[in-house]
Amino acid sequence: MRFIDTHAHIYPDAIALKAAASIGTFYDIPCLMDGTLAGLFTHGAAAGVERFLVHSVATTQERVHSINDYLMRTAAEHGDKLIGFGTLHPDYPDVEGEAKRIKAGGLHGVKLHPDIQQFLSDGDGAVRMFRVLADHGLPVLVHTGDMRYPYSQPERIARVLDQVPHLKIICAHLGGWSVWQEAWKELAGRPGVWVDTSSSLYALEPEAAAEVIRHYGVDRVFFGTDYPMWKPEEEVRRFLSLPLTAQEQEKIAHGNFEAFLETLD
């Protein structure tokens with residue numbers, strides 16, 4: 001079976017170990033991988049992953065430009081394997097200009113993490129940013145859900161979609177990390193919503209994960225590992241243990257995201 005990993009964080013080699021460790025500290029879960037591109041390729045190949053959606057997150061607006069430079073350069077160098085998403089922050093002084101630069105630079109969307117970036121998903125500045133991205137045809141991969149923080153709760157994402165109905169949004173972690181059951185009740189059935197499997201299968205029993213997937217609809221789910229949090233090999237094994245049909249597995253493993261890419265400008 002072919003796989004596309006639609007949720008992989010990468011960092012320049014010089015800072016990768018430190019960045020990966022900081023993710024583990026944030027979640028109080030040991031980070032299993034080193035965050036380097038070489039590590040992603042090695043473990044992805046062992047897991048049968050052929051392509052990767054790669055991204056990083058600007059913890060402050062000052063880091064937006066340099067992170068996007070790195071992602072543009074890296075995605076261009078490995079165009080056969082990488083699909084790049086840039087980053088933004090509601091406090092960035094020229095959101096529209098950077099959105100245009102992201103698109104012109106060959107990146108296909110934007111990754112946001114409201115909990116780490118510390119902005120309310122449905123705050124005025126965030127909604128303005130989401131509207132700019134939607135207007136430029138840039139989908140958003142957004143960390144969604146965390147019982148510890150108020151920033152990325154699924155109901156906030158639902159309010160964003162009420163205000164920006166043309167936004168395409170991938171709600172990571174089956175729509176709501178640590179609040180999976182609450183999340184689908186807010187987000188399932190919305191036309192602009194997709195979800196990925198990242199950082200969810202380790203916590204949910206296979207039957208429970210499959211039930212959440214069916215609430216969203218099998219056509220609306222992408223496979224993702226959340227590298228470097230988890231080993232791609234283990235995430236593939238977890239995915240294949242789900243009570244899904246072979247056709248459903250193929251859709252989630254690669255088919256749905258391939259179809260999604262074809263809808264982008």
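Before you click on anything, here is how the residue classes are drawn: Ala, Val, Leu, Ile, Met, Phe, Trp, Tyr, Cys and Pro count as nonpolar, Asp, Glu, Lys and Arg as charged, and the others, Gly among them, as polar. Keep in mind, too, that you are looking at a predicted model.

**Stop 1: the cavity**

Start inside. The structure holds 1 cavity of 30 Å³ or more, and the volume of the largest cavity comes to about 50 Å³. To see its walls, select Tyr 27, Ile 29, His 143, His 173, Trp 177, Ser 199, Tyr 202, Asp 226, Met 229 and Trp 230. Colour that lining by class and you get 6 nonpolar residues, 3 polar and 1 charged.

Now pick Asp 226 out of that lining. Asp 226 sits in the loop that runs between strand S9 (221-222) and helix H10 (232-240). Is Asp 226 buried or exposed? Its relative accessibility is 6%, so it counts as buried, the cut-off for that being under 20%. Show its contacts beyond four places in sequence, and His 7, His 9, His 173, Ser 198 and Ser 199 light up. Then draw a distance from the C-alpha of Asp 226 to that of Met 33: you should read 10 Å, although 193 residues of chain lie between the two positions.

**Stop 2: the six-stranded sheet**

Next, bring up the strands in the order S4-S5-S6-S7-S8-S9; these 6 form an open sheet with parallel pairing. Strand S4 (86-87) and S9 are at the edges with a single partner strand each, so each has one side without a neighbour in the sheet.

Zoom in on S6, S7 and S8. S6 and S7 run parallel and are paired over 3 bridges; select Val 142 and look across to its bridge partner in S7, Cys 171. From Cys 171, carry on to S8, where its bridge partner is Val 195. S7 and S8 are also joined by 3 bridges, again in the parallel sense.

While you are on S8, look at both of its faces. In a regular strand the side chains alternate between the two faces of the sheet. Here Val 193 and Val 195 are on one side, with Trp 194 and Asp 196 on the other, and all of them are buried.

**Stop 3: helix H7**

Select residues 154-163, which make up helix H7. Which of its residues are buried? They are Pro 154, Arg 156, Ile 157, Ala 158, Val 160 and Leu 161. To find what covers them, turn on a set that includes helix H6 (124-135), strand S6 (140-142), strand S7 (169-171), helix H8 (180-187) and strand S8 (193-196).

**Stop 4: the three-stranded sheet and helix H2**

Now hide that region and show S1, S2 and S3. They form an open sheet of 3 strands in the order S1-S2-S3, with parallel pairing. S1 and strand S3 (82-84) are the edge strands, and each pairs on one side only. Look down the sheet and you can follow a twist that averages 25° from one strand to the next. Strand S2 (residues 49-55) is joined to S3 by 3 bridges, and Val 54 stands opposite Gly 84 in S3.

Add helix H2, residues 37-47, in which Leu 37, Gly 39, Leu 40, Phe 41, Gly 44 and Ala 47 are buried. Those buried residues pack against S1, S2, H3, S3 and H10. Just past the end of H2, check the backbone of Gly 48, where phi is positive at about 85°.

**Stop 5: the largest pocket**

Turn on the pocket surface. The largest pocket has a volume of about 600 Å³. Of the 26 residues lining it, Tyr 11, Ala 19, Ser 22, Val 57 and Thr 59 are the closest to its centre. Strand S1 (3-9), helix H1 (13-27) and helix H3 (64-77) are the elements that give two or more residues to this lining. H1 provides the largest share, with 7 residues. Coloured by class, the pocket lining shows 13 nonpolar, 9 polar and 4 charged residues.

**Last stop: Asn 256**

Finish in helix H11 (residues 246-262), where you will find Asn 256. Asn 256 counts as buried because its relative accessibility is 9%. Leave out residues up to four places away in sequence, and Asn 256 touches Val 218, Asp 219, Arg 220, Val 221, Phe 222 and Lys 251.

Definitions and conventions: Residues are numbered from 1 along each chain as its sequence is written. This is a predicted model: local features need pLDDT of at least 70, side-chain atom pairs count only at pLDDT 80 or more; totals for chains, interfaces and linings use all residues. Side-chain values use heavy atoms; hydrogens and water are left out. On a 1 Å grid over the protein atoms alone, a cavity is a set of points where a 1.4 Å probe fits but cannot get out, and a pocket is an open set with protein on both sides within 12 Å along at least five of seven lines; lining residues have an atom within 4 Å of a point. Grid points are joined across faces, edges and corners, and a volume is the space filled by probe spheres set on the points. Helices (H or I, at least four residues) and strands (E, at least two) are DSSP runs, numbered from the N terminus. Buried means under 20% relative accessible area, exposed over 50%, partly exposed in between (1.4 Å probe, protein chains only). Contact means heavy atoms within 4.5 Å. Two strands pair if DSSP finds at least two bridges between them. Axes are lines fitted to C-alpha atoms, for helices over the stretch in contact, and angles run from 0 to 180 degrees between N-to-C directions.
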